[in-house]
Amino acid sequence: MSERHARSVLFPGIGPEGQARISRTSVAFIGVGAVGAAAAEIALRAGFGRIALVDRDVVEPSNLSRQVLFDDDDARSVRPKADAAADRLREIDPAAAVRAIVADLEPGNACEILGGHDLVVDGSDNFETRLLVSDACRALGIASIYAACVGEEGRVAVSIPGKTPCLRCYLEALPPPGEGPTCDTAGVVPSLPPLVAAIAMTEALRFAAGETPAAGLLCLTVWSGGFRSRRLFEQARPSSACPVCAEGRHPALETDAADLVKLCGRQSVQITPRGRPRPDFDALERRLAGVGRVRRSPQLLNADLDGVSLSVFADGRCVVRGTADPACARGYYDRYVGG
Ligand SMILES: [Zn+2]
């Protein structure tokens, strides 16, 4: 047993056997943003056997306030987050097996990317990817941990096939996306992501060591009145209305990615989110008014934001004008509309 892990081995809940199990456990991180980067560093230092880092974005200066694996050089050279994070982790432990995957997780590649791992930690920043990770993990029979934060609120939930409800059971019982804030509209307390990552990775260690998963969805807030936490759905059973748990379907995998995002005219990309509820224009207007100029009619909300124009239609479609790059358009959509 490596000297590196002596203090973990000394802790009775882990011990030599638990540490050996951790070293045989492979983890994939979806999203290496604030939560994902902090979680991946904890995983590496704690001795997880194999680590895969999946992220579609590049490092930007605004990431540096809280995304612990990146530095000024990474932002200036616009490095892919997965590559920059993997290099940093290899500096911490040159013997570690770390793989960078620069990709947007989609219905067409999710099972291939996630397959073969024992655990998936979802630190993604949008609702569609979260449901995709959850559905793909259920289809593959893999455990997953959801870890998210926005503003002053963090959430963590463990999902284990055959033992707990899936993430869809929880998220579909909460207010729909579009009504909630995203980090790009509401900001985030910079100390919150490492806290959420630490809680998620404690569950990852407990999972690897064979402990019973914590029940339900942990919600914590850290600013108003200081730290507070509560668990939702603690007694919940898999929902009889959940297509995954009740019918064995995986709707996010059935979605044809080619239909989701398509070019429409010059310098315009249309995004049609499948299975989304109608957008809440009042909530959207309140959020976007702080970051750009917003105009609306009963059928359309239009917002001009740093160089692009977003048009959100009442049926849920969104057209991003000012770019011909579908990935870039989807990034704007996830950042300002999805949540
Ligand atoms: Zn479910």
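Helices α3 and α5 are roughly parallel to each other, because their angle of about 30° falls under 35 degrees. In this predicted model, the axes of the two helices lie 10 Å apart, and their crossing is right-handed. From α3, the residues that make the contact are A37, A40, E41, L44 and R45, and from α5 they are A85, L89 and I92. Sorted by class, this contact has six nonpolar residues, two charged residues and no polar ones. If you would like to find the two helices in the viewer, α5 covers residues 81–92, while α3 covers residues 34–46.

Helix α3 has another partner to look at. It also packs with helix α10, residues 192–208, at an angle of about 45°, and here the axes are 8 Å apart. An angle of about 45° makes α3 and α10 oblique to each other. The crossing of α3 and α10 is right-handed. On the α3 side, the residues taking part are A34, V35, A38, A39, I42, A43 and A46. They meet P193, P194, V196, A197, A198, A200, M201, A204 and L205 of α10. What classes of residue does the contact of α3 with α10 have? It has 16 nonpolar residues, with no polar and no charged ones.

Some residues of α3 also appear among the contacts of a strand residue, I51. This residue lies in strand β2, which spans residues 50–55. Is I51 buried or exposed? It has 25 C-beta neighbours inside 10 Å, and so it counts as buried, the cut-off being 20 or more. Leaving aside residues up to four places away in sequence, I51 touches V27, A40, A43, L44, L89, A96, A97 and V98. Of these, A40 and L44 belong to the contact of α3 with α5 on the α3 side, and L89 to the α5 side, while A43 is one of the α3 residues that meet α10. For a sense of distance, I51 and T129 are 78 residues apart in sequence, and their C-alpha atoms are 19 Å apart in space.

Another residue to visit is G123, which sits in the loop between β4 (119–122) and α7 (127–140). With 30 C-beta neighbours inside 10 Å, G123 also counts as buried. Its contacts, again without residues up to four places away in sequence, are F29, I30, G31, G33, V35, G36, A39 and A147. Two of those, V35 and A39, are α3 residues that meet α10. The C-alpha atoms of G123 and C169 are separated by 18 Å, with their positions 46 residues apart along the chain.

A different loop, the one between β8 (228–232) and α11 (243–247), holds F233. What stands out in its backbone is phi, near 60°, a positive value in a residue other than glycine. F233 counts as partly exposed, because it has 17 C-beta neighbours inside 10 Å.

Now step back to the whole protein. Its secondary structure comes to 15 helices and 14 strands. The radius of gyration is 20 Å, close to the 20 Å that the globule rule gives for 339 residues, so the protein is as compact as a globular protein of that length. Along the principal axes, the C-alpha atoms fill a box of roughly 65 × 50 × 45 Å. Buried residues make up 44% of the 339 residues. Among contacts between residues at least 6 apart in sequence, 64% join residues at least 24 apart.

Notes. Residues numbered from 1 in each chain as written. Predicted model: local features only at pLDDT ≥ 70, side-chain atom pairs only at ≥ 80, totals over all residues. Axes fitted to C-alpha atoms, helices over the stretch in contact; angles between N-to-C directions. Helix = DSSP H or I, 4+ residues; strand = E, 2+ residues; numbered from the N terminus. Parallel < 35°, antiparallel > 145°, perpendicular 65-115°, else oblique. Left-handed = near helix turned anticlockwise from the far one by under 90°. Contact = placed C-beta atoms within 7 Å. Nonpolar A, V, L, I, M, F, W, Y, C, P; charged D, E, K, R; others polar. Rg over C-alpha atoms; globule rule 2.2 N^0.38 Å. Buried ≥ 20, exposed ≤ 12 C-beta atoms within 10 Å, placed from the backbone.
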